[in-house]
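Grab your viewer and try a few exercises. Each one starts with a task and then walks through a solution step by step.

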Amino acid sequence: MEQKMISVIIPTYNRKEKLPKCIESVLSQSYKNIEVLVVDDASTDGTEKLFEDFEDSRLRYLRYETNQGACYARNYGARRAKGELLAYQDSDDVWHADKLERQYELLLSDGADMCFCGMNRISEGSRFYYPVHPFHPEHALEEFLAENRASTQTMLMHKKVWEQLKFDENIRRYQDWDFGIRAARSFSLCYLPEALVESEVGADSISSRVKSYPHLLHLHNKHEELYMQYPKSEAVMNRRLGKRVHQTDPALAAVHFKKSFGLSRSFYDLGYWMADSLRAMFWNKGRVSEREKEA
């Protein structure tokens, strides 16, 4: 089988200690026709010194001097990629040796535009498989609206997918979810339901550093027209938003659970709506709500 070139793009920022293991897991792939573009997002920890020791001709190190964020780095690398296909890796994660080969075979046999696989998420000693639920290609958009299915390090795509969509450089969290929603809307997707990525959620990861609710709300609002077309996904998203502020702003949580219940008619949502409505009546008026923080 002909192996088309795959360009693997690794954005990195101050990950000098973890980056070598990540790069090695990519260079050690059983799929050999690759180039690896490490995009240094203005690291200050001496990351550039690592590349004095790498001798593999497939490795390219790119750097700029002003920190721009991971999505800028992904787009920066993709613009300079030579491959017909693109894959993305995070600088603190590790791929299984057959990841690209198996995804490439499925992508070709399925005739899809983008393939994503499962991964193991490791956080504070716990380990779980992601994504949680099965994937049905015929309901791809509805399922991506309801749940983030494809983290960037699990994606393999024809370059045309990135050329049309690109990563949104204006959002700080859920960039992969946003990309997945737009990909599901415009392209055909396939899923390899095995963990071929080991992903560690560290203290320096975006998911640990960036507060969830406002960014989740931004994602919802960006795709509001699509959510209106899929009431089940809209209910799931409002339930998720309600849980994000359940502890800190019961009045706001009640708004989301009420909307979710109106769509789902679930006793689960009803219970949260009633409980948070009661809690809001007695809530400490001195607390700062999420809405006030946003204002």
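**Exercise 1: Backbone oddities**

Tyr174 has a relative accessible area of 11%, so it counts as buried. Keep in mind that this is a predicted model.

Task: work out where Tyr174 sits and what is unusual about its phi.

Solution. Start with location: Tyr174 belongs to the loop between helix 5 (159-165) and helix 6. Next, check the backbone: its phi is positive, near 65°, and the residue is not a glycine. For context, most residues other than glycine have a negative phi, and most peptide bonds are trans. Now look for another case. Ala42 also isn't a glycine, and its phi is positive at about 65°. Ala42 is in the loop between strand 2 (34-41) and strand 3 (59-64), and its relative accessibility of 8% makes it buried. Finally, scan omega: the peptide bond from Tyr130 to Pro131 is cis, with omega near 5°. Pro131 is in the loop between strand 7 (126-130) and helix 4.

**Exercise 2: An enclosed strand**

Task: find out which residues of strand 1 point each way, and which strands pair with strand 1.

Solution. First, sort the side chains. In a regular strand they alternate between the two faces of the sheet. Here Ile6, Val8, Ile10 and Thr12 go one way, while Ser7, Ile9 and Pro11 go the other. Second, check burial: seven of the seven residues of strand 1 (residues 6-12) are buried, so the rest of the structure largely encloses the strand. Third, look sideways. Strand 1 runs parallel to strand 2, with seven bridges between them, and Ile10 has Val38 of strand 2 as its bridge partner. Strand 1 is also parallel to strand 4 (residues 85-88), joined by four bridges; there, Ile9 partners Tyr88. Last, follow the chain: strand 1, helix 1 (residues 19-27) and strand 2 form a right-handed β-α-β unit.

**Exercise 3: Helix 10 and an unpaired arginine**

Task: check the length of helix 10, then explore the surroundings of Arg240.

Solution. Do the length first. Helix 10 (residues 231-244) has 14 residues, and at 1.5 Å a residue it should span 20 Å; the end C-alpha atoms are 20 Å apart, so that agrees. Now for burial: the buried residues include Ser233, Met237, Arg240 and Leu241. Among the elements covering the buried residues of helix 10 are helix 4 (140-146), helix 6 (175-186) and helix 8 (212-222). Zoom in on Arg240. Leaving out residues up to four places away in sequence, Arg240 touches Ala146, Glu147, Trp177 and Leu216. Does that give Arg240 a partner, or leave it without a salt bridge? It has none, though it is buried: the nearest side chain of opposite charge, Glu147, is 5.2 Å away, while a salt bridge needs nitrogen and oxygen within 4 Å.

**Exercise 4: Salt bridges**

Task: pick salt bridges from the model and compare the burial of their partners.

Solution. Begin with the total, which is 20. Take Arg60 and Glu35, whose side chains meet at 2.9 Å, N to O. This pair links distant parts of the chain, 25 residues apart: Arg60 in strand 3 and Glu35 in strand 2. Arg60 is partly exposed at 23% relative accessibility, whereas Glu35 is buried at 4%. Next, take Asp168 and Lys222, with the closest N and O atoms 2.6 Å apart. Asp168 is buried at 16%, and Lys222 is partly exposed at 36%. Finish with a network: salt bridges link Asp40, Glu48, Arg63 and Glu65.

Technical notes: Residues numbered from 1 in each chain as written. Predicted model: local features only at pLDDT ≥ 70, side-chain atom pairs only at ≥ 80, totals over all residues. Heavy atoms only, no water. Helix = DSSP H or I, 4+ residues; strand = E, 2+ residues; numbered from the N terminus. Expected span 1.5 Å × (residues − 1). Buried < 20%, exposed > 50% of the residue type's maximum accessible area, 1.4 Å probe, protein only. Contact = heavy atoms within 4.5 Å. Lys, Arg positive; Asp, Glu negative; His and termini not counted. Pairing = 2+ DSSP bridges. Right-handed = clockwise from strand over helix to strand, strands pointing away.
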